[in-house]
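Notebook open, model on screen. I'm jotting down what I look up as I go.

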Amino acid sequence: MGLTKTEIFTEEQNRIADLAKAFAHPARVAILQLLVDRKACVCGDLVDELNLAQATVSQHLKELKRIGIIQGEINPPRVCYCINTPVWEEAQRAFGALFDTFVPVTCC
């Protein structure tokens, strides 16, 4: 059986791409900004804050949680979300390392 596209890349390259997905949609960026700005867990008012449908917010929260950049605590009927600090720091290091390797050249 053939390789999937992700199998031809390193684990690090796949993880950076996965982390980049957190920033690949403006709604997810808005959610992350809101969580960072609050400096605390946010419980239930994301829909009102973002002016998006509940289903849309839920879909983006699910993706952010899958990536691991946010974490949630379920205390029915509320779910509280906050930044997952170790994964946030991992993203900072990964993107920083990638950007730091660039040396400007005159080629184009």
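I started just past H2, where Lys39 has a positive phi of about 55°. Helices here are DSSP runs of H or I with at least four residues, strands are E runs of at least two, and both are numbered from the N terminus. Before going on, a note to self: this is a predicted model, so local features need pLDDT of at least 70 and side-chain atom pairs count only at pLDDT 80 or more, while totals for chains, interfaces and linings use all residues. Residues are numbered from 1 along each chain as its sequence is written, and side-chain values use heavy atoms, with hydrogens and water left out.

**H2**

I then looked at H2 itself, residues 26–38. Its 13 residues reach 18 Å from first C-alpha to last, close to the 18 Å expected at 1.5 Å a residue. The expected span is 1.5 Å times one less than the number of residues. Which residues of H2 are buried? I get Ala27, Arg28, Ile31, Leu32, Leu34 and Leu35. Down the axis of H2 these buried residues fall within an arc of 160°, so they line one face of the helix. The arc is that of the directions from the helix axis to the C-beta atoms. On the face turned away from the buried side of H2 I find Pro26 and Asp37 exposed. For the cut-offs, buried is under 20% relative accessible area, exposed is over 50%, and partly exposed lies in between (1.4 Å probe, protein chains only).

**H5**

Next I went to H5, residues 85–100. Its 16 residues should span 22 Å at 1.5 Å a residue, and the end C-alpha atoms are 22 Å apart, which agrees. I see Val87, Ala91, Ala94 and Phe95 buried in H5. Seen down the axis of H5, its buried residues fall within an arc of 90°, so they too line one face. The face turned away from them carries exposed Pro86, Gln92, Arg93 and Asp100. What covers the buried residues of H5? The cover includes H1 (11–21) and H4 (54–67), going by contact, meaning heavy atoms within 4.5 Å.

**Core**

I pulled up the largest nonpolar core, which has 23 residues; Leu46, Ile69 and Ile70 touch the most other members. Two or more core residues come from each of H1, H2, H3 (46–50), H4, strand E3 (78–83) and H5. Such a core is a set of buried Ala, Val, Leu, Ile, Met, Phe, Trp, Tyr and Cys residues joined through side-chain atoms within 4.5 Å. I followed Ile69 outward: leaving aside neighbours within four places in sequence, its contacts include Leu32, Leu64, Cys82, Val87 and Ala91.

**Asn84**

Asn84 is on the Ile69 contact list as well, so I checked where Asn84 sits: the loop between E3 and H5. Is Asn84 buried or exposed? Asn84 counts as buried because its relative accessibility is 16%. Not counting residues up to four places away in sequence, Asn84 touches Gly68, Ile69, Ile70 and Gln71.

**Whole chain**

Last, I zoomed out. The chain has five helices and three strands, in the order α-α-β-α-α-β-β-α. Its radius of gyration is 17 Å, well over the 13 Å that the globule rule gives for 108 residues, so the chain is more spread out than a compact globule. That radius is taken over C-alpha atoms, and the rule is 2.2 Å times the number of residues to the power 0.38. I also noted that the C-alpha atoms fill a box of roughly 55 × 40 × 25 Å along the principal axes, and that 29% of the 108 residues count as buried.
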